[in-house]
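Okay, everyone, thanks for coming. I'll put the structure up, and then we'll talk about pockets.

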Amino acid sequence: MKERSSILTLVLALLLLIAPVVFANGGGEADDGTITVGFAQIKEDSPWRTTETNSVQQEAEKLGIELKLSVTDQAGQVAALRDFIAQGVDGILLAPQTANGWDEVLQEAKDAGIPVVLLDRGLDSPEDLWVSQISSDFAFEGREAGKWVVERLNENGKVVELFGDPAADPAILRSQGFMEIINQYPNIEVVESRTGEWSQDKGRQVVEAWLTAGVEFDLIYAHNDGMALGAIEALKAAGKDPGDDVLIISIDAIKAAFESIARGDLNATVECSPVLGPMGFDALLKAINGEEVPQYIITPDSLYDESNYTEHPTGGF
Ligand code: AHR
C-alpha cells in the first residue's frame with residue numbers, strides 16, 4: 001500500500017513538472033520568446049519567386065524568427081493558412097496566387113488574433129481581414145510599359161499581350177494600366193491576348209501558336225520576364241530576330257532579362273522587386289506588437305531598356 005502511494009506521488013509530481021511546457025506551447029511564441037511565422041508561397045517555377053522565397057528565408061534567419069514555409073497552389077495555400085492557425089503561429093506572410101477565395105480563412109486568422117501580411121500580390125477580401133499589402137503598383141507598371149510601347153511604335157502598330165494568370169491581381173492590373181495608355185492611340189491595336197500562366201514554357205507555346213496561325217504583330221507585351229524569354233525562343237525558332245523584327249517588353253527585371261537585353265533580344269523590362277523579406281517582417285512584427293502599419297506599402301519601380309539597363313543597382317533580381 002505504501003509503495004502504491006509513493007508511485008502515485010511520483011506520477012503526480014511528474015505531471016506537475018511537464019504541464020507548463022505542454023500548455024504554454026499552444027501559442028506560437030516559444031518559451032524562449034522565439035517568434036514563429038508561417039509563409040504561404042505560390043508554387044511557381046521562376047527565378048523571380050525563388051528570389052522572393054530566399055529573401056524571406058534570409059530575413060527570418062537574420063531576425064531569429066522560426067519560419068514555417070509552405071509552397072503550393074491556391075487550394076494548398078488556404079490549407080496551409082489553416083495549418084498555421086492550428087499551430088498557433090504569431091503571424092502569417094501570404095503571397096496569394098489569385099485575388100479571390102480568401103475571405104473565410106482570413107476571417108479565421110483574424111478570429112485567432114493572427115495578423116496576415118500580403119506579399120507581392122493583392123486580393124479582393126475586405127481590408128480589415130489583412131494588415132498590409134507589400135508589393136509593386138501593378139497598374140503603374142502597365143502604364144510605364146504602355147508609354148514605352150507608344151514611343152517605340154511611333155504610335156502605330158500591332159501588339160500581342162502575353163497575360164499572366166487572369167485571376168491574379170498583378171496580371172489584371174498590368175493589363176488595365178497598359179490599356180489605359182494604349183487606348184489613347186487609335187493606330188495601336190492589341191490583336192491577341194492570351195495567358196502564358198507566368199511560365200517561360202507556356203509563353204513559348206502561345207507565341208508558337210500565334211506564329212503558326214499567321215497572326216501578324218510588331219510587338220509583344222508580356223506580363224513577366226519568364227513569358228518574354230519563352231516568346232524569344234519561339235521567335236528564334238521561327239527564324240525571326242527578336243528585339244528587331246519584333247519588339248518585346250516585359251515586367252520583373254530578373255537577371256536573365258538583363259542578359260537578354262545585353263544580347264539584343266529583349267528590348268525592355270519594368271522592375272518588380274521580389275526582395276520583400278525585410279519589409280514583410282518589419283510590417284508583420286509591428287502588427288504582432290500591436291503597432292500601426294500602413295495598409296499598402298508600395299515598392300518603387302523603374303523601366304529598363306537598352307539605354308539604361310546597366311544602371312540597375314543589382315543587375316537585376
Ligand atoms: O506578383 C508578382 C508577379 O508574380 C511577378 O511579376 C511574376 O513573375 C510572378 O508570377
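So, the largest pocket here has a volume of about 150 Å³. Keep in mind as I go that this is a predicted model.

How do we find a pocket at all? Rolling a probe the size of a water molecule over the atoms shows where empty space is left.

Now, which residues line the largest pocket? From the earlier part of the chain we get Ile42, Lys43, Glu44, Asp45, Ser46 and Gln97, and then come Asp165, Glu197, Trp198 and Ser199. By type, five residues of that lining are charged, three are polar and two are nonpolar.

Let's zoom out to the domains. The protein splits into domain 1, which is 36–135 + 274–300, and domain 2, which is 138–272. And where does the largest pocket sit? It lies between the two, because domain 1 and domain 2 both give residues to its lining.

Okay, so how do the domains meet? Their centres, taken over C-alpha atoms, are 29 Å apart. On the domain 1 side, 13 residues are in contact with 11 residues of domain 2. Between them, domain 1 and domain 2 bury an area of about 900 Å², and carbon and sulfur atoms give 58% of that. How many salt bridges are there between domain 1 and domain 2? Zero.

Last thing: confidence. The average pLDDT for the protein is 92, with 90% of the residues scoring at least 70. Residues 10–28 are another story: pLDDT stays under 50 there, and the model has 12 contacts beyond four places in sequence for that stretch.

That's me done, so over to you.

Definitions and conventions:
Residues are numbered from 1 along each chain as its sequence is written. This is a predicted model: local features need pLDDT of at least 70, side-chain atom pairs count only at pLDDT 80 or more; totals for chains, interfaces and linings use all residues. Side-chain values use heavy atoms; hydrogens and water are left out. On a 1 Å grid over the protein atoms alone, a cavity is a set of points where a 1.4 Å probe fits but cannot get out, and a pocket is an open set with protein on both sides within 12 Å along at least five of seven lines; lining residues have an atom within 4 Å of a point. Grid points are joined across faces, edges and corners, and a volume is the space filled by probe spheres set on the points. Ala, Val, Leu, Ile, Met, Phe, Trp, Tyr, Cys and Pro count as nonpolar, Asp, Glu, Lys and Arg as charged, and the others, Gly among them, as polar. Domain bounds come from an automatic or database domain assignment. pLDDT is the predictor's confidence in each residue, from 0 to 100. Contact means heavy atoms within 4.5 Å. Buried area is the accessible area (1.4 Å probe) that two parts lose on being put together, summed over both. A salt bridge is a side-chain nitrogen of Lys or Arg within 4 Å of a carboxyl oxygen of Asp or Glu.
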